[in-house]
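Open the model in your viewer with the sequence panel beside it. The stops below say what to select next and what is there.

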Amino acid sequence: MRDLKDLLKKLYELKGSDLHLKAGQPPIFRINGKLTRSQEEPLTPQEIFEMFKSVLTEEKFSTFLKEKEYDFAIEEPSSCLLYTSPSPRDLSTSRMPSSA
């Protein structure tokens, strides 16, 4: 199972601005305004679901399941804003500038 934090670290290392995860597609990075597919295998709906679940508390995940969307931020390896479509099959992130 791939790890969301590893993909965010790669996004940071590539100096990308966005990470798009969509079932049936490999992870896609936006680098200098251009969408770039990774060389990884396509993601399954279950992988994306588990990645999203892995970075939320049980309470926040429950809210996501009820409302079918959830916006939040994490700081790994740098600040990232995560948001979902109304489906747990898709996950997008935007890297925010570090305040440090």
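Start by selecting Thr-36. Leaving aside neighbours within four places in sequence, Thr-36 is in contact with Pro-27, Ile-28, Phe-29 and Ile-31, where contact means heavy atoms within 4.5 Å. Thr-36 is found in strand β3; helices (H or I, at least four residues) and strands (E, at least two) are DSSP runs, numbered from the N terminus. At 31% relative accessibility, Thr-36 counts as partly exposed. On that scale, buried means under 20% relative accessible area, exposed over 50%, and partly exposed in between, with a 1.4 Å probe and protein chains only. Add His-20 to the selection: the C-alpha atoms of Thr-36 and His-20 are separated by 9.9 Å, and the two residues are 16 apart along the chain.

A word on the model itself. This is a predicted model, in which local features need pLDDT of at least 70 and side-chain atom pairs count only at pLDDT 80 or more, while totals for chains, interfaces and linings use all residues. Residues are numbered from 1 along each chain as its sequence is written, and side-chain values use heavy atoms, with hydrogens and water left out.

**The whole chain**

Colour by secondary structure. The protein has three helices and six strands, and from the N terminus on the elements run α-β-β-β-α-α-β-β-β. Of the 100 residues in the protein, 35% are buried. Among contacts between residues at least 6 apart in sequence, 37% join residues at least 24 apart.

**Two loops with positive phi**

Select Lys-15, in the loop between α1 (4-13) and β1 (18-22). Its phi is near 60°, a positive value in a residue other than glycine. Lys-15 is exposed, with a relative accessible area of 65%.

Next select Asn-32, which is placed in the loop between β2 (28-31) and β3 (34-37). Phi of Asn-32 is near 50°, again positive in a residue other than glycine. Asn-32 counts as exposed at 78% relative accessibility. For background, most residues other than glycine have a negative phi. Now add Gly-16: the C-alpha atoms of Asn-32 and Gly-16 are separated by 6.8 Å, with their positions 16 residues apart along the chain.

**Helices α2 and α3**

Show residues 45-54 (helix α2) and 58-67 (helix α3): their axes come within 9 Å and cross at roughly 135°. The axes are lines fitted to C-alpha atoms, for helices over the stretch in contact, and angles run from 0 to 180 degrees between N-to-C directions. The crossing makes α2 oblique to α3; angles under 35 degrees count as roughly parallel, over 145 as roughly antiparallel, 65 to 115 as roughly perpendicular and the rest as oblique.

Display side chains at the contact. Phe-49, Phe-52 and Lys-53 contribute from α2, and Phe-61, Phe-64 and Leu-65 from α3. By class, this contact has five nonpolar, no polar and one charged residues. Ala, Val, Leu, Ile, Met, Phe, Trp, Tyr, Cys and Pro count as nonpolar, Asp, Glu, Lys and Arg as charged, and the others, Gly among them, as polar.

**The aromatic rings**

How many aromatic pairs does the structure hold? There are three. Rings of Phe, Tyr and Trp (its six-membered ring) pair if their centres lie within 6.5 Å; planes under 30 degrees apart count as stacked, over 60 as edge-to-face and the rest as tilted.

Select Phe-49 and Phe-61. Their ring centres are 5.3 Å apart and their planes are at 80°, so the pair is edge-to-face. Phe-49 lies in helix α2 and Phe-61 in helix α3, so the pair ties together parts twelve residues apart in sequence. Phe-49 counts as partly exposed at 21% relative accessibility, and Phe-61 counts as buried at 8%.

Move to Phe-52 and Phe-64. Here the ring centres are 4.5 Å apart and the planes at 65°, so this pair is edge-to-face. Phe-52 is in helix α2 and Phe-64 in helix α3, twelve residues apart. Phe-52 counts as buried at 3% relative accessibility, and Phe-64 is buried at 2%. Phe-49, Phe-52, Phe-61 and Phe-64 form one aromatic cluster.

**The nonpolar core**

Finish with Leu-4, Leu-19, Leu-21, Phe-52, Leu-56 and Phe-72, which touch the most other members among the 20 residues of the largest nonpolar core. Such a core is a set of buried Ala, Val, Leu, Ile, Met, Phe, Trp, Tyr and Cys residues joined through side-chain atoms within 4.5 Å. At least two residues of this core come from each of α1, β1, β2, α2, α3 and β4 (72-75). The largest share, four residues, is from α1.
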